[in-house]
Amino acid sequence: MNRVQRSVSAWMVAVSRHPVPIILAVLCGTLALGGYAAGNLGLNSDTGSMFSEELPWRQADLEYKSEFPQLRNEVLVVIDGLTPERAEMAQRRLADHLRGHPDLFFHVYAPLGDEFFRRQGLLYMETRQLAQLRNNLSEYGDDLKALEADPTAAGLLDQLIDTPRDGQPDSREVDVREPESVRDSVLLRIVAEVGAAFQSQMHRQSYDLPWREILTGSDASSAERRRFILFNPRIDHQSALPAGAAMNELRRAIRDITRLGRSGIRIRVTGSEAVEHESIASAYSGTRRTAAVALLAVGAILFAGLGSLRLVAASLITLVAGLAATAAFAAATVGQLNLISIAFAVLYIGLGIDYAAHLCLGLVEALRERAGYDRAVALTGHRVGTALLISALTTAACFYAFVPTDFRGISELGLIGGTGMLISVLMTLTLLPALLSVRPFRITEHRPARLWESDEPGRVAMVMHELTGRRGRAVALLAATVLVAALLFLPRLWFDHDPMRLADPESESLRTLKELAGEPSNVPDAISVLASSPADARELVDRLLALPEVGEVRTLESSLPTDQTEKLQIIGEIAATLGSEIESDGLPPPSISPVGRTVESVAGFRERVLKVAQTMEGAAADSARGLALLLTRWQRWLDEWRPETQGRLVETLDQGLAGSLAYDIRRIRVGTGAEPMTAADLPTEIRSRWIGTGGQYRVQIVPAQRLASSADVAVFVDRVSTVAPGLTGIPVYGLQSARSAIRAFWRALLLAVLATAGMLVILMRSARDSALVVAPVLLAGVVTLGAAAALHMPMTYSNLITLPLLLGIGVDNGIHIVHRIRSGLPRGGNFFATSTSRAIVVAGLTTMGSLGSMSVSSHRALASMGQLLAIGMVAVLLSTMILLPGMLVRTGSGAGPVE
């Protein structure tokens, strides 16, 4: 027995002889450390903070956000209305509400919805639409003024389809017999919209007469029915959800507005901060659920493998104590977990429980040999304890290999995970023996697994012994075939560099972001660069437009309207039609007419429609009679309701037919005050988004075509960077962070391989044996990547860490196998009849059960890591358990003890 084995055995025996004080001391420390972790360990969902600020692309991003702080942590509210008027009114109400809570929201910006755009808005219309608006207002100005004074359903119906009086046509007469002879098709459309409004109300559906479409002569596009609000939430870094207070108030305000707008308003929240807020909430809740599921899975697998509730309970208590200590270490060193390091709890459970499984099964085997309890503890320390200590060191080395990288996300996870493995083995060699020694564990408390444990080797042990011995060549040929197949799939492996892929794909923020990205009017692929002066910005624009990859370049001047001279002339003509008075442009109060008056107006309108129908033929006559029948049905439907309900229904009808008209007329009147504009006339809210706090000018670059693949992003960013270094934006962030992550991964993997190989050579004192241990692990790594490629599973920021971890786990298995073969096998030389083989299987299954639980997480970072680790664990378990024992036996290895 070498010195390390003697020390570990002596330590375990000493702990087992004084269990009570050990248990009390550890449990008191666990409570203190757990309380410290709960009060000091925070969460940070900022994906940018996962990379070192010393990287050039991070410095450019930080400079950009320093110049434009309102673009950092920005939330985007998307408001879709049944009509443009509804969207605008909802935008104004919500923006006013947010500005009323400066303690939660700042830099509130409502594009097209502030005072500047209400005054200058007509200049931003297309010239054709503006001319059509002038023509319609000139034709129907008096009628519209009358409706503006009485914006109710009754007021509208009283002006439609009047009949001739004393042979003289009324100014409101509409001859619907021949549409071509009608004064204007506008009135016919209004009549049709009136019928649609009554029909919708009977079906309890929201409906607004589209006055803006009627006045401008063109249907409103989805972009015109959509408005935005941008703001920055106040961040509380002491809270589990830093933006939680602001987001909760926003959601409450949205609920109030959508109720007020009935079903005609849809409001969604997206933007970088919203995605991060939902990501951190998803990661936080997902990690808690996953950790709970992992504990249950580990407990069930442990019971099946250990066959004793007492062993399972002691193992889980040891696991929780180590987890609390690791969390306290994380709180003291990194303070905040990022979206990758938050997985440390699940990783700790999956890896830390392995040590307990080995020790428990080693103790059971020693007790089966009829040894006394103290002798069994010492024998367990000799056979298992040293291997546990060495395994913890190699796994910790694989974790620590990530620490010196620029990828802070996995660097912090490496620090926490590596230290956690050392804490875990210390707890396993201290607390676990103490828990089992308060009342010395007896073999009668153990229920052996039917296929594994008995006085003679079980069926599984015999089959595996035969497979790795006499069938070794067939196994080697099969392994070579699997390796070749994996290598053939490797070229299909790809890296997903989109940072948004770390978020829950079903979250509102990400779904909204994808919807906006799919619309031509949005430019999610745009990138930005800073220029020191307007002259430099103009020069940069010329050089950028010369690149074939660039479709458009935007600056502050891009915010100015075009064709101002022609538009101002048209606006002057509109002002002459409507009058020069400009009333308050606030939201108009709702106009409500009595139920009796509305019913009377509907009846009069119906009678006029029927009279006109008598002069018509064919489809036109049928359409008019259908409208009259619809109005009759509506009046009967209204009579079925109680008086108070009738009042609410008439109010809804008033708002649907004429409610937005007064708003539109006020908007147009205010807009007639438009004046010529230069860049200096733009409001601060716009200028501050193009001119930074330090005086630098933002230049936005739009690609000539959508960036559909990673290769497209790389070509676009690399080409533009030759003209404009210091780029920033989502495509730049994704590409450069991917490159930084890949560099960090290869550096960490190289360090892990070198550290592991060096430790193995020193501990095993044989380069050949070290190579035999590493070979099956490398095979498992290649097979894991090949399987990921075959399953179209991309590599991501989160699952990059799996290969170094699998290296550590596989080497651990190899160390246990070599150590046990050198320490002595049972009669017949069957390694698979030992507790070590069973412990490796149980540990592997618990690791798969724990880490596999992450694969069902709603958070993609955790799910991706869990899926790849589960695949890798299967490959590692099969390769080390089938290949390594046979290679060790056939090469004659195992002649000396492991130091």
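Which strands does helix α19 (residues 534–545) lie across? The legend to Figure 5 gives the answer, β7, β8 and β9. All views show a predicted model.

**Figure 1. Overview of the predicted model and its confidence**. The protein has 899 residues, of which 57% are buried. Its secondary structure consists of 30 helices and nine strands. Among contacts between residues at least 6 apart in sequence, 83% join residues at least 24 apart. The mean pLDDT is 81, and 85% of the residues reach 70 or more. Residues 163–184 have a pLDDT below 50, and this stretch makes 34 contacts in the model beyond near neighbours in sequence. Residues 894–899 also fall below 50, with 19 contacts beyond near neighbours in sequence. Where pLDDT is low, the predicted coordinates should not be read in detail.

**Figure 2. The largest nonpolar core and a second, separate core**. The largest core holds 130 residues, and the members that touch the most others are Phe-51, Leu-302, Leu-347, Phe-407, Leu-436, Ile-817 and Met-865. Helix α13 (residues 344–368) supplies the largest share of this core, 17 residues. The second core is separate and has 66 residues, including Leu-556, Ile-571, Ala-624 and Leu-649.

**Figure 3. Salt bridges, beginning with Arg-86 and Asp-208**. The model has 24 salt bridges. Side chains of opposite charge can pair when their charged atoms come close. In the salt bridge between Arg-86 and Asp-208, the N to O distance is 2.4 Å. Arg-86 belongs to helix α4 (residues 84–99), whereas Asp-208 is in the loop between α8 (185–202) and α9 (211–216), so the pair ties together parts that are 122 residues apart in sequence. Both Arg-86 and Asp-208 are buried. A network of salt bridges links Glu-88, Arg-212, Arg-227, Asp-664 and Arg-667.

The next close-up shows two arginines of helix α10. Arg-252 forms a salt bridge with Glu-249, with the closest N and O atoms 2.8 Å apart. These two residues both lie in helix α10 (residues 244–260), three residues apart, or about one turn of the helix. Arg-252 counts as partly exposed because its relative accessibility is 33%, whereas Glu-249 is buried, with a relative accessible area of 13%. Arg-251 forms a salt bridge with Glu-508, and here the closest N and O atoms are 2.8 Å apart. This pair links distant parts of the chain, with Arg-251 in helix α10 and Glu-508 in helix α18 (residues 508–517), 257 residues apart. Arg-251 has 25% relative accessibility and counts as partly exposed.

**Figure 4. The open sheet of four strands, with helix α4 packed on it**. The strand order is β3-β4-β2-β5, and the pairing is antiparallel. Strands of a sheet pair through backbone hydrogen bonds, either parallel or antiparallel. At the edges are β3 (105–109) and β5 (265–270), each of which pairs on one side only. From one strand to the next the twist averages 25 degrees. Strand β4 (residues 226–233) pairs with β3 in the antiparallel sense over three bridges. Opposite Phe-105 stands Pro-233 in β4. Helix α4 packs on the sheet and touches β2 (75–81), β3, β4 and β5. The direction of α4 makes about 10 degrees with that of β4.

**Figure 5. The open sheet of three strands, with helices α19 and α25 lying across its strands**. The order is β7-β9-β8, with antiparallel pairing. The edge positions are taken by β7 (527–531) and β8 (550–554), each with a single partner strand, so one side of each has no neighbour in the sheet. The twist from one strand to the next averages 25 degrees. Between β8 and strand β9 (residues 697–703), antiparallel pairing extends over four bridges. Val-550 stands opposite Pro-703 in β9. Helix α19 (residues 534–545) lies across β7, β8 and β9 and runs at about 10 degrees to β9. Helix α25 (residues 710–723) also lies across β7, β8 and β9, but runs at about 140 degrees to β9.

Definitions and conventions: Residues are numbered from 1 along each chain as its sequence is written. This is a predicted model: local features need pLDDT of at least 70, side-chain atom pairs count only at pLDDT 80 or more; totals for chains, interfaces and linings use all residues. Side-chain values use heavy atoms; hydrogens and water are left out. pLDDT is the predictor's confidence in each residue, from 0 to 100. Contact means heavy atoms within 4.5 Å. A nonpolar core is a set of buried Ala, Val, Leu, Ile, Met, Phe, Trp, Tyr and Cys residues joined through side-chain atoms within 4.5 Å. Buried means under 20% relative accessible area, exposed over 50%, partly exposed in between (1.4 Å probe, protein chains only). A salt bridge is a side-chain nitrogen of Lys or Arg within 4 Å of a carboxyl oxygen of Asp or Glu. Two strands pair if DSSP finds at least two bridges between them. Axes are lines fitted to C-alpha atoms, for helices over the stretch in contact, and angles run from 0 to 180 degrees between N-to-C directions.
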